[in-house]
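Here are a few exercises to work through with the model open beside you. Try each task on your own before you read its solution.

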Amino acid sequence: GGEGAMFESFVANLLSSRASQFLKHVDNEKLRVGLWKGEVVLEDLELRADCLDGLGLDLAMEAAYVGAFRLSIPWNSLR
């Protein structure tokens with residue numbers, strides 16, 4: 001229904017925004033479609049070099065990759 005679609009759209013926008021703070025080249029369409037299905041699977045992700053800057057660590061990162069990220073959302077179980 002309308003409220004469910006609005007909530008899912010809100011979650012999609014929130015995840016996309018947060019993911020782009022940490023990842024290069026976020027596939028927003030794949031993220032959105034995965035959310036509608038209840039399972040997001042993103043593979044071969046490249047982390048942004050500046051994603052750790054706010055942690056106050058004396059650490060410099062040139063490149064880092066995540067092989068796979070999976071997020072399951074049981075929409076039918078949420079009330």
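**Exercise 1. The loop between S1 and H2**

Task: Locate Asp27, classify its accessibility, and find how far its C-alpha lies from that of Leu45.

Solution. Start with the place of Asp27: it sits in the loop that joins S1 to H2. Keep in mind that you are looking at a predicted model. Next, take the accessibility. The relative value for Asp27 is 40%, and partly exposed covers the range between under 20% and over 50%, so Asp27 is partly exposed. Last, check the distance: Asp27 and Leu45 are 18 residues apart in sequence, and their C-alpha atoms are 9.8 Å apart in space.

Stay in this loop for one more step, since His25 is found there too. His25 is not a glycine, yet its phi is positive, about 55°. With 71% relative accessibility, His25 counts as exposed.

**Exercise 2. Another positive phi**

Task: In which strand does Asp44 lie, and is Asp44 buried or exposed?

Solution. Asp44 belongs to strand S2. Its relative accessibility is 69%, which puts Asp44 in the exposed class. Now look at the backbone: Asp44 has a positive phi of about 50°, although it is not a glycine. For a glycine with a positive phi, turn to Gly38, which follows H2 and has a phi near 95°.

**Exercise 3. The faces of helix H2**

Task: Which residues of helix H2 are buried, and how are they arranged around the axis?

Solution. First list the buried residues of H2, which spans residues 28-37: they are Leu31, Gly34 and Leu35. Then look down the axis of H2: these buried residues fall within an arc of 100°, so they line one face of the helix. Turn to the other side of H2, and you find Glu29 and Lys37 exposed.

Now ask what meets H2 from elsewhere. Ser16, in helix H1 (residues 2-22), touches Asn28 and Leu31, if residues up to four places away in sequence are set aside. Ser16 has a relative accessibility of 13%, and the limit for buried is under 20%, so Ser16 counts as buried.

**Exercise 4. Salt bridges**

Task: How many salt bridges are there, and which parts of the chain do they tie together?

Solution. Begin with the principle. Side chains of opposite charge can pair when their charged atoms come close. The count here comes to 3 salt bridges.

- Take Glu46 and Lys24, whose side chains meet at 3.3 Å, N to O. Glu46 lies in strand S2 (residues 39-47) and Lys24 in strand S1 (residues 23-24), so this pair ties together parts 22 residues apart in sequence. Lys24 is partly exposed, at 34% relative accessible area.
- Move on to Glu39 and Arg70, with 3.1 Å from N to O. Glu39 is in strand S2 and Arg70 in strand S3 (residues 65-72), so the pair ties together parts 31 residues apart in sequence. Glu39 is partly exposed at 36%, whereas Arg70 is exposed at 56%.
- Finish with Asp50 and Arg48, whose closest N and O atoms are 2.8 Å apart. Asp50 is partly exposed at 33%, and Arg48 is partly exposed at 29%.

**Exercise 5. The largest pocket**

Task: Which residues lie nearest the centre of the largest pocket, and what is the make-up of its lining?

Solution. Rolling a probe the size of a water molecule over the atoms shows where empty space is left. The largest pocket holds about 190 Å³ of space. Its lining has 13 residues, with Leu15, Ala19, Leu23, Leu42 and Phe69 nearest the centre. The elements that contribute two or more residues to this lining are H1, S2 and S3. Sorted by character, the lining has 12 nonpolar residues, no polar ones and 1 charged.

As a last step, follow Phe69, which lies in strand S3. Beyond its neighbours within four places in sequence, Phe69 is in contact with Val40, Val41, Leu42 and Leu45. Phe69 is partly exposed, with a relative accessible area of 39%. By contrast with these contacts, take Leu52: it is 17 residues from Phe69 along the chain, and 18 Å separate their C-alpha atoms.

Terms used. Residues numbered from 1 in each chain as written. Predicted model: local features only at pLDDT ≥ 70, side-chain atom pairs only at ≥ 80, totals over all residues. Heavy atoms only, no water. Helix = DSSP H or I, 4+ residues; strand = E, 2+ residues; numbered from the N terminus. Buried < 20%, exposed > 50% of the residue type's maximum accessible area, 1.4 Å probe, protein only. Contact = heavy atoms within 4.5 Å. Arc of directions from axis to C-beta. Salt bridge = Lys/Arg side-chain N within 4 Å of Asp/Glu carboxyl O. 1 Å grid on protein atoms, 1.4 Å probe; cavity = no way out; pocket = protein on both sides within 12 Å on 5 of 7 lines; lining within 4 Å. Points joined across faces, edges and corners; volume = space filled by probe spheres on them. Nonpolar A, V, L, I, M, F, W, Y, C, P; charged D, E, K, R; others polar.
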